[in-house]
Amino acid sequence: MAFFNFSSPHQRTKRRTPEIMMLVVLALIPGVFVHSYLFGFAIYVQILLAVTTAIITEACFLKLRNKPILISIKDYSAVVTAILLAISIPSLAPWWVIVIGTTFSIVIVKHLYGGLGQNIFNPAMAGYVVLLISFPVQMTAWLPIQSMQLFPLQISDAFSLILTGANIDGYSVTQIKSSIDGVTMATPLEMIRNALHAGNTISETLTTPLFSLDSLQGSQWVNLAFLLGGLFLLKLRVILWHIPVAFIAGITVFSFFAFASDPDIYSSPLYHLFSGATMLGAFFILTDPVTASTTVKGRIVYGLLCALLVIVIRNLGGYPDAVAFAVLLANMCVPLIDYYSKPKVYGRNR
């Protein structure tokens, strides 16, 4: 009888990388579908551009590195990175924004560090931060919910706006993203921040017409859809519970302390949980097996650290949402977290 020794980690279910990546894509479908239903079809155009760019870029760079092209592309890791980046940016951002961001994610963040499994930063979030810092105007072209749009978009309008900057009837992105009151829209987190800078309180802001409509509710439904997809991944044990639970619990606790200290300035925990990229981050971004902590205690510390950074940046920083920044900062801390959270070797006292 032959015995084989394998190094950890040990898995009871034998899943290869392509299967895991495809399950992640399936879990993203509810969130993408709800987003398209509420905000229009432009998100599908961004996903198409991102996936195409990721595959072409990865193939070209693998060719330069003399690596097998077909095998690497069929692991679908580049596809997952592309989709995560595409659903993180405004749906009507110009085509070159997603092309630049995806190329940066694949070439600089992934392959220059050695390829899949060697990168220290989450590729999608690194690409997002580069785009946000480099192109702040294009990265704020957020759409209002369809019931608030002056000109409801068809798929042909989405293609035209992203590729040319105007829809089939000649309306620009600025006109399209204006609400029924002619007010340029932003995300709920941005609305709160702008209102606070104007001297208003949280309670006063939530009673304005913009919040009495469906804008905030749209963000909540999208977050609930990503929560559903995340539970699907937990059910199949594609991801483990430590990071999502620690992150969500941390968001709840840290935002509660801020809210309790001054409810006129800081938003409630429920608002933080279902606004921005909270659920997308909890189940799809923080749980990246390459850039997250690998120990049980380390995963909990990693999730709590990300939650703390999100609340601090949302409340005190210059950006309304903070998941991408929190993830990248926590990625830098992962080696230290793993070092101090690694389990003791059996038979040794220290």
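**Group meeting: a surface patch and the cores of an all-helix model**

Good morning. I begin at the surface, where Leu26, Ile29, Phe33, Tyr37, Phe41, Tyr44, Leu48, Trp95, Ile155, Phe159, Leu163 and Phe232 form a nonpolar patch, with about 1200 Å² of accessible area together. Two or more residues of the patch come from each of helix 1, helix 2 (42-64) and helix 7 (155-164). Helix 1 is the main contributor, giving four residues. Please keep in mind throughout that this is a predicted model.

One member of the patch deserves a word of its own. Tyr44 sits in helix 2. Is Tyr44 buried or exposed? Its relative accessibility is 34%, and the buried class ends at 20% while the exposed class starts over 50%, so Tyr44 counts as partly exposed.

Let me now place the patch in the context of the whole protein. The protein has 17 helices and zero strands. Of its 350 residues, 49% are buried. The protein exposes about 17800 Å², and carbon and sulfur atoms supply 66% of that area. As for contacts with a separation of 6 or more, 75% of them join residues 24 or more positions apart.

I turn next to the interior. The largest nonpolar core holds 76 residues, and those touching the most other members are Leu28, Ile87, Ile89, Phe284 and Tyr302. Which helix gives this core its largest share? That is helix 1 (residues 17-39), with ten residues. Helix 1 therefore appears twice in this account, as the largest source of the core and as the element that gives the most to the nonpolar patch.

Phe284 shows how such a core residue is surrounded. Leaving aside residues up to four places away in sequence, Phe284 touches Val24, Ala27, Leu28, Leu84, Phe226, Gly229, Gly230, Leu233 and Met279. Another core lies apart from the largest one; it has ten residues, including Val45, Ala141, Leu153 and Ile162.

Finally, I return to helix 1 for a polar residue, His35, which is located there. His35 has a relative accessible area of 14%; the limit for buried is under 20%, and His35 is therefore classed as buried. Which residues does His35 touch, beyond those up to four places away in sequence? They are Gly40, Ile43, Ser91 and Val222.

To close, helix 1 carries the buried His35 and also gives four residues to the nonpolar patch. Thank you.

Technical notes
Residues are numbered from 1 along each chain as its sequence is written. This is a predicted model: local features need pLDDT of at least 70, side-chain atom pairs count only at pLDDT 80 or more; totals for chains, interfaces and linings use all residues. Side-chain values use heavy atoms; hydrogens and water are left out. Buried means under 20% relative accessible area, exposed over 50%, partly exposed in between (1.4 Å probe, protein chains only). Contact means heavy atoms within 4.5 Å. Accessible areas come from the Shrake-Rupley method with a 1.4 Å probe; for residues, only the protein chains shown count as cover. A nonpolar core is a set of buried Ala, Val, Leu, Ile, Met, Phe, Trp, Tyr and Cys residues joined through side-chain atoms within 4.5 Å. Patches are made of residues with over 30% relative accessible area and no salt bridge: like charges are joined within 9 Å, nonpolar side chains (Val, Leu, Ile, Met, Phe, Trp, Tyr) within 5 Å. A salt bridge is a side-chain nitrogen of Lys or Arg within 4 Å of a carboxyl oxygen of Asp or Glu.
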